[in-house]
Amino acid sequence: MTHDSPEDHAAIPGQESTHHVTPISTYFSVFVLLFILMIATIAAAEYLHLPTILMNVIAMAIAVAKATFVVAVFMGVRWTTQLAKVYAIGGFVWATLLTIAFCDYITRKDELAPAWIEGKASPVTDGIMPEVGKELPRQYFGAH
Amino acid sequence: MAAGATQVEHGHEHPEGVFHQFENIDQQNESYIVGMWTFLVTEVMFFGPLFLAYILYRWQFQEYFWRTHKLLNIWLGGANTLILLFSSFTMAMGVHFAMKKDSRRQIAFLGITALCGVAFLVIKLAFEWPSKFAHHLYPGPNFAWPPHDGYDQATLALLRDVPSGAAEMFFSLYFGITGLHGIHVLVGVLCIGTIIVMKFLKFPQVEPYIPTEMVGLYWHFVDLVWIFLYPLFYLMPR
Amino acid sequence: MSATVVGKAEVERPEPGPNYLTNGQTIASWLLTKDHKRIAMLYLISISVFFAIGGFAASLIRAELISPRGVMLESETYNRVFSLHGIVMVFFFLVPSIPATLGNFLVPMMVGARDLAFPRLNLLSWYIYVAGGILMILAMCMGGVDTGWTFYTPYSSLYSNSQVTLAVFAAFLAGFSSIFTGVNFIVTIHRMRAPGMTWFRLPLFVWAHYATSVIIILGTPVVAITLLMLFGERVLKLGFFSPELGGDPVLFQHLFWFYSHPAVYIMILPGMGVISELITCFSRRRIFGYEFVAFSTLAIAGLGFLVWGHHLFVSGQSMYQGMVFSIITFLVGVPSAIKVFNWATTIYKGSVRLQTPMLYALGFIGLFLIGGLTGLYLASMATDIMLTDTYFVVAHFHFVMVGGAVMAMMGGLHFWWPKITGRMYPDNWGKLSAAIIFIGFNLTFLPQFVVGYLGMPRRYHYYFLWPEFQPYHLLSTAGATVLAVGYLLPVCYLMWSLKYGKKAGDNPWGAKGLEWQTSSPPPTENFPVVPVVTEEAYNYDPELAEKEETLADKLEHGLEAKEDEK
């Protein structure tokens, strides 16, 4: 095979293949840590009263921390091949969708673009903005 | 292999239990794990747009969403979070014992994980959601806003100013995302159940920890989604 | 049996064993197969059925548009017809076309594997595709949808009385079929390459399918959830896009096009992979700038995710956002142009043979060029505001989809037909069909550029306010008839060749590539012995090739190969 064998796996004697086996104590400590973080996030929400932005940042930071531990330890990414690490991080491509789509909403302006405001832009657009109830000039619908 | 009258022996040798397209067991194991990770990437992209919709509408209706979210039960949600975190731990233990080839402990921990999943679904479907339905908080033609009873006066006072559209949007997102997540939990429980049954019936498996590890990855992903869901819906700051 | 005289790449074998077609002759052996080659054939039959359905809808559209008053169909019916054409052609024909047929068949062979990584998942993906297809046909028989293939809200979610729910669910299933194929390809290409097959020795066909699979797994789930949200809004009354609740219908457009734009790259990248194979084989030259072509494939896949807003220029999207999308859309044309330059340079000073697949490849390059260049007008926001929702857009995407992807599919089908079936088709008929398709296609879609520029809106079935458009529509319909003949001819002679075509040997074209090292049709396990790769890809020599005469050359010049007729 042309792919690299994972070098950071500890071989367990008696197994046919090399595979890292995480000890129980690691799992348990991570679980306790997650529990503490959960209490922290509830406490922060109930009893901490900071500006909204800060509260959101704290909540998301705690969530990301919990997620990191789950992905790294429970899902074993810490000890897997490079490929799996790329997947684990690359799976958040949707964040680009999020960011760009969100940019649309925050940059929208609920007003006429300058070209359509009388006298603001080029003379081409002056005078053709229809008034309510008036018929549009015929020449804008084709040759007849 | 294709079932048919004439089967041809292929000229290559492969070890017992390795599927014929793979050269050796390592390649097979790695392929399954890489395959599962690829599927998890698709799941992230599957939940992503729902989170996008949530963020957009929360940004648009900040105050109204905050007031409406008070109708959610923070302690039931917290219990569900604890159950899922614990189930992630027991699932990791199940994978651990699968690798150690300790069938009894593997089945035990997988069983506990499945029970946790069932408990999660029970809390959601028997306690949280029915109370919403009873108060006509499910979006659609039966949506009744503002709620008249069943909650304390302070909350009701807050809710009176919230437009019905914003509240209905909040609940659309709530039921949509938690419903989809619940379906994933159910599928996870069924997969764990299948593995347990296969172990009981002693299905021959060369590397028995691979199916468990794959389901484990899926289960941890389901837990991950809830880790983000819980603070976003239940613990919304003002 | 056969003693064919072929190019240098033939491998001697002691006795002919059963191949993948003869290994198991019952229906069950086909419907329960795990062999990627058989699954590819199952897909080929299915997508041909949907091509016929979509083509039938197209013929209704073109027949309707020859009269300015639209006398044949009512407006409501016409809406359902063009929606059917779009949904079936996009979701059920174009997206699976090359990956599920040629990709399924060839990717394992090109990397030197015995099968894909997950054969049963492959079969499941076909069954899910068929299930989606049956639901779509059901939706069609129950009246179809009138929302257009884009299912824009709030019409599709709140107001349409047509079979939106069923059609949306059918497309949802087709999406999952696609996702499973993508997962299979990624794992196979990463993990199951033969010894010596490094990434940069892979055929560009495989690179193209890898990039396509990455797009599939990142993009398709987004449309899946979007369609599910639409389903939720119609059936479960969850209001995500409903303006009455303060929702934004344009959110649907953002989410829908986040997939549907990369989807067009899913449709074209495998075609580009096919063209790389055809151009190199029929010029007997290694591809010019292999790394450039490989990386520009990945660049198209990556950049393609950042341009979806160019479908939303007139939707109320922020103007500033539109500017960003416009710039990136211009950028995404650059890698495609790089590939076209590289193909053209590959042909230069090669030993060119103008057999049928090469005619399709050359047609692709020309038509894709026109389609791509007209896309630039649509990328620029200022001109797009005038051209959007006119026939200019229709012509643009048909040039790249039909003049591009379908031509590539036809070229690939003709190139690998001997490998898949073990038979050669009559090349004269092939060339004739290619010419008819080229002429018919141009006659159909070039007038549409003009009439779109003049203002003919798309999705309209009458234009009596502008009767001067009629000549263009007449030309277009005439062209569509020629095009239909062009597509029917290959069906005839390819079917004929199954029984009466000359037996092809391992390598009738004299091509390089692992798939040509094994027999035609290949045995079930592809290679009797796992191949070891020592050569670079496309290790052709044009000087030597000038004197070479392959089986295809012999048949082209009318010389009989020394073998039996049956």
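What is the mean pLDDT of chain C, and what share of its residues reach 70 or more? I started there, since this is a predicted model. I found a mean of 91 for chain C, with 96% of its residues at 70 or more.

**Entry: the weak spots in chain C**

I went looking for stretches of chain C with pLDDT under 50, and residues 1-15 are one of them. The model still gives residues 1-15 35 contacts beyond four places in sequence. Residues 561-566 of chain C also sit below 50. I counted eleven contacts for residues 561-566 beyond near neighbours in sequence. Note to self: where pLDDT is low, the predicted coordinates should not be read in detail.

For the whole complex, I noted the predictor's own scores: an ipTM of 0.89 and a pTM of 0.88.

**Entry: the build of chain C**

I looked up the secondary structure next and got 17 helices and two strands for chain C. Then I checked the overall dimensions. Along the principal axes, the C-alpha atoms of chain C fill a box of roughly 75 × 45 × 45 Å. The radius of gyration is 23 Å, which agrees with a compact globule, because one with 566 residues would come out near 24 Å.

How much of chain C is buried? My lookup says 61% of its 566 residues. I also looked at contacts in chain C with a separation of 6 or more, and 86% of those join residues 24 or more positions apart.

**Entry: where chain B touches chain C**

Here I found 38 residues of chain B in contact with 49 residues of chain C. On the chain B side, helix 1 (25-60) and helix 6 (164-200) each supply at least two residues. Which helix gives the largest share of that side? Helix 1 of chain B does, with 16 residues. Sorted by class, the chain B side has 19 nonpolar, 17 polar and two charged residues.

**Entry: a helix pair between chains A and B**

Last, I followed helix 1 of chain A (residues 24-47) to helix 3 of chain B (residues 74-99). Their axes come within 10 Å and cross at roughly 170°. Angles over 145 degrees count as roughly antiparallel, so that is how helix 1 of chain A runs relative to helix 3 of chain B.

I wrote down who meets whom. The chain A residues include A:Phe31, A:Leu34, A:Phe35 and A:Met38, and among those in helix 3 of chain B are B:Leu82, B:Leu85, B:Phe89 and B:His96. The residues of this helix contact split into twelve nonpolar, three polar and no charged.

Methods. Residues numbered from 1 in each chain as written. Chains lettered and ligands numbered in written order. Predicted model: local features only at pLDDT ≥ 70, side-chain atom pairs only at ≥ 80, totals over all residues. Axes fitted to C-alpha atoms, helices over the stretch in contact; angles between N-to-C directions. Helix = DSSP H or I, 4+ residues; strand = E, 2+ residues; numbered from the N terminus. Parallel < 35°, antiparallel > 145°, perpendicular 65-115°, else oblique. Contact = placed C-beta atoms within 7 Å. Nonpolar A, V, L, I, M, F, W, Y, C, P; charged D, E, K, R; others polar. pLDDT = per-residue confidence, 0-100. Rg over C-alpha atoms; globule rule 2.2 N^0.38 Å. Buried ≥ 20, exposed ≤ 12 C-beta atoms within 10 Å, placed from the backbone.
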